[in-house]
Amino acid sequence: MAALIPEIASEELLGVPRVESDPQRRRRPRIRFWRGIVLFFAGVYFLIPIYAGLRFSLQNDAGQFSLYAVRAIPSQVGFSAAFFLSLRLAAVTTVLTMVLMVPTATYVHLKLPRMRRVLDFVTILPIVIPPIVLILGVLHAAPLWLRSSPYLLSLIYVILALPFVYRSLDAGLSAIDLKTLVEASRSLGGKWVSTLLHVILPNIRAAMLSATVLTIALVLGEFTMASLDLWTTLPVWIYQFQQTDGHIATAVSMFSLIGTWVLLTVIVSVDRSQSRRSRRRTGTL
Amino acid sequence: MTVTEALASGPGSSVPEAGGHAVTTQARNKGLRRAVRPALAMAPFVIYTVLGLGIPTLAVIEEAFRSDTGKLTLANVHTVMHGTYRLGFLNSILLAAITSVVPGILGVFLAYAIETSRSGVLRRLVATASGVLANFGGINLTFMFIATLGSTGVLTAWLSVAHLNPWNHGFNLYSFYGVAFVYLYFQIPLMVLVITPALGGLRPAWREAAENLGASSFRYWRTVGIPVLLPSVLGGMLLLFGSAFAAYATADTLTAGTVTLAPIQIGEVLNGNVISGEENIGYAIGLGMLIVLTITMVLYSLVRRRASRWLR
């Protein structure tokens with residue numbers, strides 16, 4: 001259940017304050033010993049498959065080192081169609097999610113704090129309802145014209161993205177003094193729309209960025225719904241293409257893994273510098 | 001002036017008919033606007049989630065009790081509780097149980113090893129890595145494990161040098177236990193993410209207090225550490241259970257849909273691989289999955305309430 005994870009993942013990525021352990025704590029040699037063993041085995045378990053995947057991508061059929069699979073990716077039948085379909089779905093999903101959730105989350109924070117619990121509950125539901133059951137219901141309930149469009153997937157991906165997009169925006173909005181900002185803007189004559197665009201958005205930029213990247217990662221990696229809705233998105237293409245050439249399929253899959261990893265690392269560091277800056281700002285005030 | 005009149009006059013009308021009336025009109029307009037505005041502001045979200053989440057879920061539940069011709073029936077539910085579909089559920093529950101308890105325990109040890117380490121770089125690295133790996137599943141994971149432990153995989157080759165080729169000792173990556181082994185790859189990082197805040201809440205002062213009172217390390221864990229952590233660990237395992245129970249992509253791509261699990265059976269129905277007259281079986285399996293997951297989440301919220309007593 002992919003949707004289950006982002007909630008926690010985003011909490012961790014957003015740097016939920018943690019209790020630092022006492023630096024003066026005595027080090028026990030015994031603990032250090034078994035910690036080494038645990039970390040060693042974890043490292044082996046998690047790194048060998050990555051190594052194996054990379055090695056397999058950089059090999060030809062004879063098992064020799066070769067870049068042929070990487071070079072051949074763009075020219076494969078159906079690759080660019082699948083890749084651009086996934087990109088389009090990611091773009092539509094991200095825009096829809098933001099347009100839906102930023103005003104809603106802002107309004108609830110500002111005017112309806114009681115509704116936050118309701119929103120918490122509703123946005124956790126996509127975690128309880130597995131994608132396979134949701135797509136079953138969607139394919140039954142959606143009208144035909146919508147079922148024949150790939151953008152039906154975007155519409156459901158918005159639902160799948162809700163848990164961590166909402167949590168991320170909620171954390172971002174809680175971190176700023178929303179009320180003062182809005183009152184200042186309104187008393188200077190700003191309209192609601194310009195207050196939202198020019199005052200609130202710049203202040204929750206980091207939260208929106210992390211929500212966006214998590215949404216994109218979700219859309220680019222989603223297999224269950226896309227394959228059952230019979231659209232050849234990137235993961236579906238990779239799966240189908242393994243029969244043609246396993247090396248190329250694995251190379252594409254390793255690229256998408258590394259891409260996601262880099263993106264997530266970038267948001268974590270952007271987030272970190274952002275929160276450090278804001279802490280400094282409140283410190284000087 | 002009634003409410004309908006106030007509505008008809010609209011929010012922009014401030015033209016006074018008479019002094020006193022104008023005030024009440026404006027006041028009423030304001031009151032009305034105050035009542036309508038939250039509804040309007042919440043409308044897009046409410047409509048979207050009802051259409052995208054509520055209606056599909058209700059459709060699954062309703063169709064579970066209908067025959068293919070649309071008549072109300074309990075036949076689907078009955079079929080799902082017997083034979084191969086029953087086996088699918090039992091396998092799914094067994095798989096979820098194995099892949100929540102084992103990674104749950106391993107995840108706690110790993111998280112503790114990282115938490116007690118002094119290196120900030122290591123912690124940050126593990127935090128991002130866990131975030132990525134916990135989201136990792138489906139096709140990418142399948143390929144990595146085929147390259148590792150497939151019949152020509154890297155690890156298989158290394159082990160066969162030592163005459164320990166796992167395939168010669170009853171191991172099959174494309175089987176139930178193969179799927180379980182692969183699930184560890186995202187379940188352990190998920191447990192690390194869930195349990196790390198709880199470990200952070202284990203205050204060093206408690207340990208010092210226990211030691212000053214003469215407690216051994218074992219005694220400290222038995223009487224303080226484990227009781228405090230247990231609800232969080234159980235909560236984490238319940239999350240892992242839900243995650244494994246609902247997972248489809250990894251099991252499907254790894255075994256090409258040959259392993260008997262409830263989500264795979266739904267996929268089979270959707271792909272049209274089903275006896276005619278049993279098309280609505282898929283909905284009944286879906287209903288069963290919803291019930292299992294609802295129970296899991298209810299238990300999770302109960303355990304979580306208990307966990308928050310000591311931590312945070």
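The following conversation goes through a predicted model of two protein chains, A and B.

Q: Before the details, what conventions apply here?
A: Residues are numbered from 1 along each chain as its sequence is written, and chains are lettered from A, with ligands numbered from 1, in the order in which they are written. As this is a predicted model, local features need pLDDT of at least 70 and side-chain atom pairs count only at pLDDT 80 or more, while totals for chains, interfaces and linings use all residues; side-chain values use heavy atoms, with hydrogens and water left out.

Q: How many helices and strands does chain B have?
A: Chain B has 13 helices and 0 strands. Helices (H or I, at least four residues) and strands (E, at least two) are DSSP runs, numbered from the N terminus.

Q: And chain A, how many helices and strands there?
A: Chain A has 14 helices and 0 strands.

Q: How much of each chain is buried?
A: In chain B, 50% of the 312 residues are buried; in chain A, 49% of the 285 residues are. Buried means under 20% relative accessible area, exposed means over 50%, and partly exposed lies in between (1.4 Å probe, protein chains only).

Q: What about the surface?
A: Chain B exposes about 14900 Å², with carbon and sulfur atoms supplying 67% of it. For chain A the accessible surface is about 14000 Å², and 66% of that belongs to carbon and sulfur atoms. These areas come from the Shrake-Rupley method with a 1.4 Å probe; for residues, only the protein chains shown count as cover.

Q: Turning to the two chains together, how many residues are in contact?
A: 86 residues of chain B are in contact with 83 residues of chain A, where contact means heavy atoms within 4.5 Å. The area buried between the chains is about 7500 Å², and carbon and sulfur atoms give 75% of it. Buried area here is the accessible area (1.4 Å probe) that two parts lose on being put together, summed over both.

Q: Which residues of chain B lose the most area to chain A?
A: They are B:Phe45, B:Tyr48 and B:Phe143, which together account for 10% of what that side buries. Helix H2 (residues 19-64) of chain B gives the most to the side touching chain A, with 16 residues.

Q: How many salt bridges and polar contacts cross over?
A: The rule finds 0 salt bridges across the interface, a salt bridge being a side-chain nitrogen of Lys or Arg within 4 Å of a carboxyl oxygen of Asp or Glu. There are 8 residue pairs in polar contact between the chains, both residues at pLDDT 80 or more. A polar contact is a pair of N or O atoms within 3.5 Å; within protein, one must be able to donate a hydrogen and the other to accept it, and residues adjacent in sequence count only if both atoms are side-chain atoms.

Q: So how many salt bridges are there over all chains?
A: The count comes to 3. One joins the side chains of A:Arg116 and A:Asp170 at 3.5 Å, N to O. A:Arg116 lies in helix H5 (residues 115-128) and A:Asp170 in helix H8 (residues 151-175) of chain A, so the pair ties together parts 54 residues apart in sequence.

Q: Are those two buried or partly exposed?
A: A:Arg116 counts as partly exposed, at 29% relative accessibility, whereas A:Asp170 is buried, at 13%.

Q: What about the salt bridges in chain B?
A: B:Arg66 and B:Glu62 meet at 2.5 Å, N to O. B:Arg207 and B:Glu211 meet at 3.4 Å, N to O; being 4 residues apart in helix H9 (residues 204-212) of chain B, they are separated by about one helical turn.

Q: Changing topic, how many residues has the largest nonpolar core?
A: The largest nonpolar core has 160 residues, and those with the most contacts inside it are A:Leu134, A:Tyr157 and B:Tyr185. Helix H8 (residues 176-200) of chain B gives the most to this core, with 17 residues. Such a core is a set of buried Ala, Val, Leu, Ile, Met, Phe, Trp, Tyr and Cys residues joined through side-chain atoms within 4.5 Å.

Q: What does A:Tyr157 contact?
A: Leaving aside neighbours within four places in sequence, A:Tyr157 is in contact with several residues, including A:Leu89, A:Val219 and A:Met225.
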